[in-house]
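Me: I would like to learn how to read the contact between two chains. Could you take me through one case?

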Amino acid sequence: MSFISLQFVIFLTVVLCIYYNVRHPVQNVVLIVASCIFYASWDWRFLIPLMTSTSIDYWCAAKMERQIAAGLPKADRRPFLWISVVTNIGLLAFFKYFNFFAETIQSGLTTLGYPANIVMLEIVLPLGISFYTFQALSYTIDVYRGQFHAARRFPTFLLGILYFPHLVAGPIQRSSNLLPQIVNPRVITSEKVVAGCDLIVWGAFKKVCLADNLAPIVNEIFANPNPTGFQTLMAAYAFAFQIYCDFSGYTDIARGLAKVMGFEFVLNFKSPYFSTNPRDFWGRWHISLSTWLRDYLYIPLGGNKRGELRTLANLMITMVLGGLWHGARWNFVLWGAYQGLLLVGYRLWEPDLRRASQGFSPAWRPITFSVSVFGFFHVICYGWLLFRAESLNQIHVMTASLLDPVSAMDMGLVTKILFLASPVILEHIFQYFPNAFCFVMQSRFLAEVRAVWYALLSYLVLFRGGDAQSFIYFQF
Amino acid sequence: MKQSTIRVALWAVLSLVTLEASARVDDWITYDAPILEPYNMSRLFIEDHNGTRGKPGASYLKWKLNAQGFRGPLAESQRVRILCLGASETFGLYESEGMEFPRQLEVELNRRLGREDVSVVNAATPGMSTHAAIRRIPDLVELARPDFILVYPSLAVYIDLGFLTEADRSAPRQEFGRPFDFEFRIQRRAEVLVKSIIPDWVQTQVRLLQIRLDENSQDAQDRLPEANILAFRNDLVALIRAIEARGVSAVLLTHATRFGNTSSPPERNSLTAWRKFYPSLREEGFLDMESRMNAVIRDVARTDSVSIIDMADEMPGGSNYFADFVHFTDSGARVFAARVAEKMAPMVTESSAHQTLPNAVPAKKQSEPLKAGAGE
């Protein structure tokens with residue numbers, strides 16, 4: 001049951017009708033049942049690993065909480081943390097990475113002259129497993145660190161993991177953000193509902209009208225075994241906007257759904273293509289993942305506290321694992337490594353870059369900013385080529401083609417991509433310079449403007465959408 | 001309370017106006033459609049003393065007519081020309097641009113002949129009855145100068161004889177909308193959207209309800225009366241004679257449906273959907289009607305010694321080939337065109353070889369005076 005389907009609209013209508021007509025503790029029960037139905041609608045068996053890991057995590061956290069209350073030392077809590085980590089990582093490794101590593105070992109042994117026949121598993125990857133395992137891990141780690149009190153009741157924690165708006169593709173919620181909202185009665189105001197509707201409609205527009213219309217352009221070029229440099233460049237641009245519209249569209253819908261039910265989710269995107277450097281980008285792109293990686297991987301590895309060389313190594317490890325989190329394919333590893341190298345390079349040359357930019361007078365700032373954004377956008381786009389490629393050979397072919405990016409130019413294709421990207425660019429401007437547009441939100445006729453806006457976006461979603469494509473991040 | 005009601009009403013009106021404006025601008029961008037004028041199928045057709053015909057150079061949505069008012073490109077003068085006569089099945093409703101069966105027939109025939117030797121002219125008009133076609137023959141022959149006229153008659157228009165009275169036998173204009181009608185363009189889109197997302201079983205139940213309501217206001221029959229079959233036979237014979245009187249060879253096609261030769265229960269929904277347009281005949285009556293009218297086509301072909309291609313027999317049924325009860329999908333039009341091309345290729349070859357008009361059919365035995373029951 002995708003967010004973009006009639007079934008979901010009916011499902012949501014029924015859920016909201018019930019939800020708005022019951023009081024707080026019962027609302028949670030409604031949401032748990034609804035979330036189970038939502039998840040089981042893909043495949044009821046997906047509930048088994050989810051319930052297993054959730055139960056174990058709840059038990060581990062409860063045990064650790066009791067030890068904290070008893071004043072026992074941190075070391076005593078460690079076994080429970082390990083049980084939780086091994087369970088979550090084990091499930092993820094089993095479902096997502098077993099075949100990948102088995103294939104890698106098999107081909108490695110064959111190359112070394114020891115042909116092996118490792119059994120491959122025929123299993124379906126449970127939807128959203130990467131998201132909910134990270135969320136559950138953050139919960140037990142926070143409890144272990146004493147930064148957060150374990151949930152008293154299992155249904156509270158279960159809903160925190162299972163809550164359907166974020167279950168399959170995030171944003172990855174921290175327990176410290178979501179669980180208090182579950183425990184306490186929600187305040188649902190008309191402003192919140194309207195803000196939620198704004199996000200839902202805009203998210204649906206980005207997914208259906210922009211991402212799904214960009215998808216055929218991207219798919220066609222990536223299906224071409226020998227694209228020209230110009231086509232590769234266009235594919236990179238188109239995919240950059242497609243993946244943004246697809247993922248941020250999903251996130252907006254998820255955040256909007258949460259809002260109409262009185263919840264607040266964390267922000268996941270903040271005009272990422274207006275980044276001027278890699279660090280800036282990771283503060284704006286998939287924020288819930290990048291902050292998770294920072295707090296639960298980079299900092300535990302030592303962060304930047306153990307010398308420069310170790311810091312650079314930590315950055316690389318974090319980003320490579322972050323790439324692998326996206327999927328069990330070498331191009332994701334390569335993409336992670338590319339992002340790691342960018343961060344490492346930026347860390348090394350940041351002082352020089354800063355000095356260079358300080359050489360310009362403030363009057364030049366808009367120009368230096370624009371040049372930085374434009375230049376770094378191309379750096380991001382190359383990363384998306386690595387991300388989207390179907391094989392290492394394709395990466396090689398496409399990279400080589402980029403040496404001549406202007407041959408066989410097709411202005412029609414440029415116009416089409418620009419047309420589809422223009423709402424994203426406007427959205428970026430709107431988010432980057434919020435004060436410049438606050439007059440819109442202060443308009444006396446805001447409700448009327450909104451009526452027109454909803455009608456226009458609804459028209460585009462209903463009648464000008466591309467062929468329905470699954471959300472890209474559902475595969476992760 | 002009153003003020004808030006007015007505000008909500010204002011929002012509703014604003015939303016509706018925005019939706020309608022969006023639809024109009026969308027039509028303008030996509031199809032170069034006028035923003036303020038009515039935009040419906042009537043843009044494609046004009047009325048003259050011989051009834052309805054295609055308006056030269058007109059376009060509406062995906063449909064575009066050429067400078068002669070026919071769908072598709074202009075016929076090449078040096079080629080054997082085949083003119084296709086029929087209703088929406090021939091004109092093409094659901095097929096993609098260039099995939100309607102006359103276009104695919106041209107491609108297929110030229111492929112079989114190994115040279116660009118044939119032009120196929122699509123002179124069909126949605127809703128055109130066989131009777132209406134008779135009046136069009138002189139103009140069509142004058143304009144297209146065909147060597148063959150392929151007649152693929154639409155049968156359902158004979159369900160309601162009142163509709164085919166002399167006063168209104170040209171074509172069912174109400175199908176096209178009227179050039180001066182105001183209509184919400186968003187409504188048409190919404191209907192298509194709803195149809196595409198509502199499950200089939202729900203749509204069938206709604207149609208059954210509508211049919212039941214219609215049945216209350218008019219009598220529905222299980223079987224098409226003999227008089228209707230007879231009217232079809234009379235019109236078909238007259239059409240054949242009108243064609244051959246102008247030295248053109250007629251080729252008759254029997255009428256194919258989604259059911260092929262059999263009726264399978266899971267496909268009953270499509271019969272119900274079809275019945276919505278013809279509530280006076282019950283579902284079972286359609287299959288019986290098709291069978292009896294196809295028998296008439298075969299009989300007329302035999303008695304008038306006209307070439308016939310028995311597409312009712314040749315064409316496989318099923319939803320892959322038919323979008324509804326009688327209209328083709330792209331694949332359906334392709335299969336249909338291939339089967340017709342297979343039978344027509346020898347006729348075209350012969351026509352090219354003799355470089356004469358291929359209407360030298362065997363000596364004609366004129367049809368007997370029309371009798372009831374010929375279609376049984």
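**Reading an interface**

Reply: This is a predicted model. Chain B and chain A bury about 1300 Å² between them, and 70% of that area is on carbon and sulfur atoms.

Me: Why is an area given for the contact between chain B and chain A?

Reply: The accessible area lost when parts come together is often used to state the size of an interface. For chain B and chain A that area is about 1300 Å². In residues, chain B brings 16 to the contact and chain A brings twelve.

Me: How many salt bridges does the rule find across the interface of chain B and chain A?

Reply: The rule finds two. In one salt bridge Arg7(B) pairs with Glu448(A), and their closest N and O atoms are 3.1 Å apart. Polar contacts are counted as well: four residue pairs between chain B and chain A, with both residues at pLDDT 80 or more.

Me: Which elements give two or more residues to the side of chain B that touches chain A?

Reply: They are helix 1 (2-31) and helix 5 (185-197) of chain B. Helix 1 of chain B gives the most, with eleven residues. By class, this side of chain B has nine nonpolar, four polar and three charged residues.

Me: How many disulfides are there over all chains?

Reply: A disulfide is a covalent bond between two cysteine sulfur atoms. Here the count over all chains is zero. For Cys209(A), the nearest cysteine sulfur belongs to Cys245(A) and is 10 Å away.

Me: Is Cys209(A) buried or exposed?

Reply: Cys209(A) counts as buried because its relative accessibility is 4%, and the cut-off for buried is under 20%. Cys60(A) is also buried, at 0%.

Terms used. Residues are numbered from 1 along each chain as its sequence is written. Chains are lettered from A and ligands numbered from 1 in the order in which they are written. This is a predicted model: local features need pLDDT of at least 70, side-chain atom pairs count only at pLDDT 80 or more; totals for chains, interfaces and linings use all residues. Side-chain values use heavy atoms; hydrogens and water are left out. Contact means heavy atoms within 4.5 Å. Buried area is the accessible area (1.4 Å probe) that two parts lose on being put together, summed over both. A salt bridge is a side-chain nitrogen of Lys or Arg within 4 Å of a carboxyl oxygen of Asp or Glu. A polar contact is a pair of N or O atoms within 3.5 Å; within protein, one must be able to donate a hydrogen and the other to accept it, and residues adjacent in sequence count only if both atoms are side-chain atoms. Helices (H or I, at least four residues) and strands (E, at least two) are DSSP runs, numbered from the N terminus. Ala, Val, Leu, Ile, Met, Phe, Trp, Tyr, Cys and Pro count as nonpolar, Asp, Glu, Lys and Arg as charged, and the others, Gly among them, as polar. A disulfide is a pair of cysteine sulfur atoms within 2.5 Å. Buried means under 20% relative accessible area, exposed over 50%, partly exposed in between (1.4 Å probe, protein chains only).
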